[in-house]
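Subject: A structure for you to look at

Dear colleague,

I am handing over a structure that I would like you to open and turn around for a while before you read any further. My notes come after it, and I would suggest reading them with the model still in view.

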Amino acid sequence: MAAKSSGDGIDLPGFFVDLVRCETRLYNALNDRLRERHGIVTSQFEFLRFLRDHPGSRVADLAAEFAIGIGATSKGADRLEKQAWVRRRTNPADRRSSLLELTEDGLRLVDAAEATFTGTLTELTAATLRGPAGPAAARLLSELRAALEHDRIGLPTG
């Protein structure tokens with residue numbers, strides 16, 4: 001029989017289920033709202049926001065940030081480029097790679113979508129996160145993410 005807790009009274013399988021289901025429901029709700037208002041999905045918004053906030057990034061930088069494979073990241077960048085929201089330019093430091101930058105249309109899109117993203121996330125989480133446990137929950141998830149990233153856990157293998 002599998003252990004139900006970590007020894008500290010935490011039901012780890014239950015914690016995992018809650019964490020994943022919260023993420024899935026928030027991601028799906030954000031997808032719906034972003035698609036409805038801006039014609040993009042959450043993954044596209046995240047790529048565009050990252051590129052806005054990290055000019056001159058490479059596909060490899062996106063892949064590392066989002067812990068996804070290079071192939072999937074490259075396809076995502078291709079889709080953004082096809083929509084004329086992103087352009088590739090040769091990397092002067094390494095001509096084998098390209099640097100990604102937002103176009104003016106991409107910048108306008110991500111700025112408009114950010115208001116929708118933030119508003120929707122606030123609408124869906126504020127009542128719970130404004131409670132007494134909200135800041136502690138946010139800190140806990142940030143610490144857990146930092147530990148996983150520090151130990152390079154969950155990176156794609158291909």
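Below is an account of what was found, going from the whole chain to single residues.

Please keep in mind throughout that this is a predicted model.

**The chain as a whole**

The secondary structure of the protein chain comes to six helices and two strands, and if you follow the sequence from its start, these elements appear in the pattern α-α-α-α-β-β-α-α. The C-alpha trace spans about 55 × 35 × 25 Å along its principal axes. Of the 158 residues in the protein chain, 25% are buried, and the chain exposes about 10,600 Å², of which carbon and sulfur atoms supply 55%. When contacts between residues at least 6 apart in sequence are considered, 49% of them join residues at least 24 apart.

**Helix α2 and what surrounds it**

A helpful place to begin is helix α2, which covers residues 42-53. Its 12 residues, counted at 1.5 Å a residue, should span 16 Å, and the end C-alpha atoms are indeed 16 Å apart, so the expected and computed spans agree. The buried residues in α2 are Thr42, Gln44, Phe45, Phe47, Leu48, Phe50 and Leu51. These buried residues pack against α1 (12-38), α3 (59-66), α4 (70-82), β1 (86-90), β2 (98-102) and α5 (104-129).

**Two buried asparagines**

What does the side chain of Asn31 reach? Asn31 has its place in helix α1, and its side chain reaches the backbone nitrogen of Thr42 at a distance of 2.7 Å. With a relative accessible area of 14%, Asn31 falls under the 20% limit and therefore counts as buried. Leaving aside neighbours within four places in sequence, Asn31 is in contact with Ile40, Val41, Thr42 and Ser43.

Asn91, in turn, is found in the loop between β1 and β2, and its relative accessible area of 8% makes it buried as well. A polar atom of the Asn91 side chain lies 2.9 Å from the backbone nitrogen of Ala93. If residues up to four places away in sequence are not counted, Asn91 touches Arg58, Ser97, Ser98 and Leu99.

**Charged pairs**

Side chains of opposite charge can pair when their charged atoms come close. How many salt bridges does a search of the whole structure find? The search finds 15, and a few of them are described here.

Glu123 forms a salt bridge with Arg33, in which the closest N and O atoms are 3.3 Å apart. This pair links distant parts of the chain, since Glu123 is in helix α5 and Arg33 is in helix α1, 90 residues apart. Glu123 has a relative accessibility of 52%, which is over the 50% limit and so counts as exposed.

The side chains of Arg52 and Asp53 also meet in a salt bridge, with 2.8 Å from N to O, and Asp53 counts as partly exposed at 43% relative accessibility. Arg52 and Asp53 belong to a network of salt bridges that also includes Asp111 and Glu114.

A further salt bridge joins the side chains of Arg96 and Asp94 at 3.1 Å, N to O. Here Arg96 is exposed, with 80% relative accessibility, whereas Asp94 is partly exposed, with 25%.

**A nonpolar patch and helix α6**

On the surface, Ile10, Leu12, Phe15, Leu19, Leu140, Leu141, Leu144, Leu148 and Ile153 form a nonpolar patch, with about 710 Å² of accessible area together. Helices α1 and α6 (134-150) each supply at least two residues of the patch, and which element gives the largest share? That share, four residues, comes from α6. Leu148 lies in helix α6 and is partly exposed, with a relative accessible area of 34%.

The same check on length can be made for α6, whose 17 residues at 1.5 Å each should span 24 Å, and the end C-alpha atoms are 24 Å apart, which agrees. Just after α6, Arg152 takes a positive phi of about 55°, and you may wish to find this residue in the model as you finish.

With best wishes

Key. Residues numbered from 1 in each chain as written. Predicted model: local features only at pLDDT ≥ 70, side-chain atom pairs only at ≥ 80, totals over all residues. Heavy atoms only, no water. Expected span 1.5 Å × (residues − 1). Buried < 20%, exposed > 50% of the residue type's maximum accessible area, 1.4 Å probe, protein only. Contact = heavy atoms within 4.5 Å. Polar contact = N/O pair within 3.5 Å; in protein donor to acceptor, adjacent residues only side chain to side chain. Salt bridge = Lys/Arg side-chain N within 4 Å of Asp/Glu carboxyl O. Patch = residues over 30% accessible without salt bridge, like charges linked within 9 Å, V, L, I, M, F, W, Y side chains within 5 Å. Areas by Shrake-Rupley, 256 points an atom, 1.4 Å probe, with all protein chains shown as cover.
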